[in-house]
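Reader: Hi! I am new to protein structures and would like to learn how to read one. Could you walk me through it?

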Amino acid sequence: MTESKWIDISQPLSNDMAHFPGDTPFDYSLTYSIEQTGSVNVGQMTGSLHTGTHIDAPFHYDSKGKTIDELELNLAIGIAKVIDVSHVEKITAETLQGFDFKGISRVLLHTSLPNKPNRFPDKMPDLDPSVALHLKEEGVKLIGVDMPSVDAPDSKDLATHHALYDNGIFILENLMLDHVTPGEYELVAVPLAIAGADASPVRAVLKPLT
């Protein structure tokens with residue numbers, strides 16, 4: 001029997017990737033080359049913690065919330081269900097009512113937004129705050145989206161962030177799901193243990209269960 005291969009659903013970090021308007025772009029460069037050191041290349045990187053595929057910590061939108069190093073690792077490790085909601089531009093609780101979430105605590109939404117890491121979208125599908133209570137009632141603890149944010153880029157009240165937070169649901173953003181068939185998978189999307197941080201990049205991967 002052939003073992004299932006892991007599927008990478010994270011955005012590669014590159015110097016030409018898009019970043020949230022007004023935020024710090026990603027940059028990788030060599031600090032020292034082998035020619036300089038005589039033995040090794042040594043690189044450095046800078047950029048927003050919300051660049052590319054990342055997990056938000058509650059501290060991102062609540063100054064009293066947990067930071068990224070305080071989150072339970074098992075939130076982002078385990079069975080996840082990828083569902084296709086690309087047929088709608090506004091995702092509501094009603095949109096999700098036709099899906100079976102029995103035994104599922106992690107849900108990844110494949111939306112109508114094309115996966116284009118090098119371009120920040122002019123417009124994104126609307127994830128209505130009403131999804132939060134519905135997902136809580138289904139036992140979901142983590143939601144992932146293939147968009148830069150669960151709220152519109154110009155949002156100031158971050159209504160969906162707060163609705164998910166109030167219902168105990170954590171947020172994984174900027175996934176790459178265009179090449180993923182809907183269904184159930186094993187998910188690993190562990191954040192870095194950055195002390196006191198509001199978010200962390202992750203290498204998000206899926207493995208088919210069958």
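Author: Happily! Let us start with a definition: Ala, Val, Leu, Ile, Met, Phe, Trp, Tyr, Cys and Pro count as nonpolar, Asp, Glu, Lys and Arg as charged, and the others, Gly among them, as polar. Keep in mind that this is a predicted model.

Reader: Thanks! How many nonpolar, polar and charged residues does the lining of the largest pocket have?

Author: By those classes, nine of the lining residues are nonpolar, eight are polar and two are charged. The lining has 19 residues in total, and Leu-13, Phe-26, Met-45, Pro-201 and Val-202 are the ones nearest the centre of the pocket. Its volume is about 300 Å³.

Reader: Where is Met-45 found?

Author: Look in strand 3, which covers residues 42-46. Met-45 also takes part in a nonpolar patch on the surface, together with Tyr-28 and Leu-30. The accessible area of these three residues adds up to about 330 Å².

Reader: Is Met-45 buried or exposed?

Author: A residue is called exposed when its relative accessible area is over 50%. Met-45 has 58% relative accessibility, so Met-45 counts as exposed.

Reader: Now for closed spaces. How does one find a cavity?

Author: Here is the general idea: rolling a probe the size of a water molecule over the atoms shows where empty space is left. In this model, a search of the whole structure turns up one cavity of 30 Å³ or more. The volume of the largest cavity is about 60 Å³.

Reader: Which residues line the largest cavity?

Author: You can pick them out in the view: Ile-55, Leu-71, Glu-72, Leu-73, Leu-75, Ala-76, Leu-142, Phe-170 and Pro-191. Eight residues of this lining are nonpolar, none is polar and one is charged.

Reader: What about charged side chains? I keep hearing about salt bridges.

Author: The idea is simple: side chains of opposite charge can pair when their charged atoms come close. This structure holds three salt bridges. One of them joins Arg-203 to Asp-8, with 2.8 Å between the closest N and O atoms. The two partners belong to distant parts of the chain, 195 residues apart: Asp-8 is in strand 1 (residues 7-8), while Arg-203 is in the loop between strand 12 (199-201) and strand 13 (205-208).

Reader: Are Arg-203 and Asp-8 exposed or partly exposed?

Author: Arg-203 is exposed, because its relative accessible area is 60%. Asp-8 is at 31%, which means that Asp-8 is partly exposed.

Reader: Which side chain meets Lys-90 in a salt bridge of 2.8 Å, N to O?

Author: That is Asp-126. Lys-90 lies in strand 6 (residues 90-91) and Asp-126 in strand 8 (residues 126-127), so the bridge ties together parts that are 36 residues apart in sequence. Lys-90 is partly exposed at 41% relative accessibility, and Asp-126 is partly exposed too, at 34%.

Lys-90 also forms a salt bridge with Asp-128, where the closest N and O atoms are 3.2 Å apart. This pair spans 38 residues, and Asp-128 sits in the loop between strand 8 and helix 3 (130-137). With a relative accessibility of 18%, Asp-128 counts as buried. Through shared partners, the salt bridges join Lys-90, Asp-126 and Asp-128 into one network.

Reader: Let us turn to the backbone. What should I look for in phi angles?

Author: As a general guide, most residues other than glycine have a negative phi, and most peptide bonds are trans. Leu-158 has a phi near 45°, a positive value in a residue other than glycine. Leu-158 lies in the loop between strand 9 and helix 4. Asn-174, which is not a glycine either, has a positive phi of about 65°.

Reader: Where does Asn-174 lie, and is Asn-174 buried or exposed?

Author: Asn-174 is in the loop between strand 10 (170-173) and strand 11 (183-188). At 9% relative accessibility, Asn-174 counts as buried.

Reader: Could we look at one more loop residue?

Author: Sure, try Val-150, in the loop between strand 9 (142-145) and helix 4 (159-166). Val-150 is buried, since its relative accessible area is 2%. From Val-150 to Ala-189 there are 39 residues in sequence and 17 Å in space, C-alpha to C-alpha.

Technical notes:
Residues numbered from 1 in each chain as written. Predicted model: local features only at pLDDT ≥ 70, side-chain atom pairs only at ≥ 80, totals over all residues. Heavy atoms only, no water. Patch = residues over 30% accessible without salt bridge, like charges linked within 9 Å, V, L, I, M, F, W, Y side chains within 5 Å. Areas by Shrake-Rupley, 256 points an atom, 1.4 Å probe, with all protein chains shown as cover. Salt bridge = Lys/Arg side-chain N within 4 Å of Asp/Glu carboxyl O. Helix = DSSP H or I, 4+ residues; strand = E, 2+ residues; numbered from the N terminus. Buried < 20%, exposed > 50% of the residue type's maximum accessible area, 1.4 Å probe, protein only. 1 Å grid on protein atoms, 1.4 Å probe; cavity = no way out; pocket = protein on both sides within 12 Å on 5 of 7 lines; lining within 4 Å. Points joined across faces, edges and corners; volume = space filled by probe spheres on them.
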